[in-house]
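Good morning, and thank you for the time on the agenda. Please bring the sequence and the structure up on the screen before I begin.

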Amino acid sequence: MTALPRGGRPAKALSAVEATIETRWRSFLVEYGVTAGAKEEADLAEMVVADTSAFEWRVVDAALDRLPCADCGNGLGAGPAGCENCDRADGFRFAAIETDKPATPPGTEHGLRVATAVARTRHRYGARARCGFELGLPVLLSGELPSTAQAQAYRAAINKLTEEECERVTSFEEVACLSSRRGR
Ligand SMILES: [Zn+2]
């Protein structure tokens, strides 16, 4: 489980999403008749990573968690940006299947999976990018998808913050409050 340094609602949302990733993986093991911790679990994870487009994103993310990168030794796709093997695995991660929940705007599940990936491998992104995605987690988890205009307004407000502030804020309301003091 990833402890999100900024805490607050984004950290709670990330824990909740990570719990669904683990639950989904356990049911996936049952579907394939594989025992957790057995060698077959790693084989199954290899199979998922070999064709990410055939599986749900939670299954793909759980599979990546279970495989070490042969080059950098971190979780596959979770090494430093610039590890070619991880960069490639992280790219394939996004080919996975995303199914919107009923009664949520199309694209909400995509937003949630991207925000989750950023929050779980935050060292691969800049302070402003991870600020936007991590603050978006609780919003997306509640089934809301910010409009393009809203997302642009959030981004403009985040750009007025220092990197230190970007790491500390826990909500878009806080970002708006800090940025409004900056003027234009
Ligand atoms: Zn790596």
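I shall go through the metal site, two helices, the aromatic pairs, the cysteines and a few single residues.

Please keep in mind throughout that this is a predicted model.

I begin with the metal. The zinc ion is held by four sulfur donors, the SG atoms of Cys69, Cys72, Cys83 and Cys86, at 2.3 Å. The angles among the four donor atoms run from 105 to 116°, and the site is tetrahedral. Along the sequence, the spacing of the donor residues reads C-x2-C-x10-C-x2-C. As for solvent exposure, Cys69 is buried, with a relative accessible area of 3%. Cys83 and Cys86 are both buried as well.

Cys86 leads us to helix 4, which covers residues 84-93 and has Asn85, Cys86, Ala89, Asp90 and Arg93 as its buried residues. These lie on the same side of helix 4, because the arc they cover around the axis is only 130°. What do the buried residues of helix 4 pack against? Their partners are helix 3 (57-65) and helix 5 (108-120).

Next, helix 9, residues 172-180. Here the buried residues are Phe172, Val175, Leu178 and Ser179. Viewed down the axis of helix 9, they fall within an arc of 120°, so they line one face of the helix. Glu173 and Ser180, on the other side of helix 9, are exposed. The cover over the buried residues of helix 9 includes helix 6 (127-141), helix 7 (148-159) and helix 8 (163-168).

One further residue of helix 9 deserves mention, namely Glu174. Glu174 is partly exposed, at a relative accessible area of 28%. Setting aside neighbours within four places in sequence, Glu174 is in contact with Arg168 and Val169.

I turn to the aromatic rings. How many aromatic pairs are there? The count comes to four. One of them is formed by Trp25 and Phe28: the pair is tilted, with 5.4 Å centre to centre and 35° between the planes. Trp25 and Phe28 both belong to helix 1 (residues 8-31), where they sit three residues apart, about one turn of the helix. The general background is that an α-helix has 3.6 residues a turn, so residues three or four places apart point the same way. Both Trp25 and Phe28 are buried.

The rings of Tyr154 and Phe172 provide another case. Their planes are at 5° and their centres 3.7 Å apart, so this pair is stacked; the cut-off for stacking is under 30 degrees between the planes. Tyr154 is in helix 7 and Phe172 in helix 9, 18 residues apart, and the pair thus links distant parts of the chain. Are Tyr154 and Phe172 buried or partly exposed? Tyr154 counts as partly exposed, at 23% relative accessibility, whereas Phe172 is buried, with a relative accessible area of 9%. The threshold involved is 20%, under which a residue counts as buried.

To complete the aromatic part, Trp25, Phe28, Tyr32 and Phe55 form one aromatic cluster.

Now to the cysteines once more, this time with disulfides in mind. A search of the whole structure finds zero disulfides. Why does Cys166 not form a bond with Cys131? The closest cysteine sulfur to that of Cys166 is in Cys131, and it is 4.5 Å away, which is too far for a bond. A disulfide would require the two sulfur atoms to be within 2.5 Å. Cys166 itself counts as buried, at 0% relative accessibility.

Finally, two residues in loops. Ala103 lies in the loop between helix 4 and helix 5. Although Ala103 is not a glycine, it has a positive phi of about 65°. For context, most residues other than glycine have a negative phi. Ala103 is exposed, with a relative accessible area of 85%.

The second is Arg122, in the loop between helix 5 and helix 6. Is Arg122 buried or exposed? Arg122 is buried, with a relative accessible area of 14%. Apart from neighbours within four places in sequence, its contacts are Leu4, Pro5, Arg6, Arg130, Glu134 and Glu167.

That concludes the presentation, and I welcome questions.

How values were computed
Residues numbered from 1 in each chain as written. Predicted model: local features only at pLDDT ≥ 70, side-chain atom pairs only at ≥ 80, totals over all residues. Heavy atoms only, no water. Donors = N, O, S within 2.8 Å, 3.2 Å for Na, K, Ca; no water. Tetrahedral: all angles 85-135°; square planar, octahedral: opposite > 155°, others 65-115°. Buried < 20%, exposed > 50% of the residue type's maximum accessible area, 1.4 Å probe, protein only. Helix = DSSP H or I, 4+ residues; strand = E, 2+ residues; numbered from the N terminus. Arc of directions from axis to C-beta. Contact = heavy atoms within 4.5 Å. Phe/Tyr/Trp six-rings, centres within 6.5 Å; stacked < 30°, edge-to-face > 60°.
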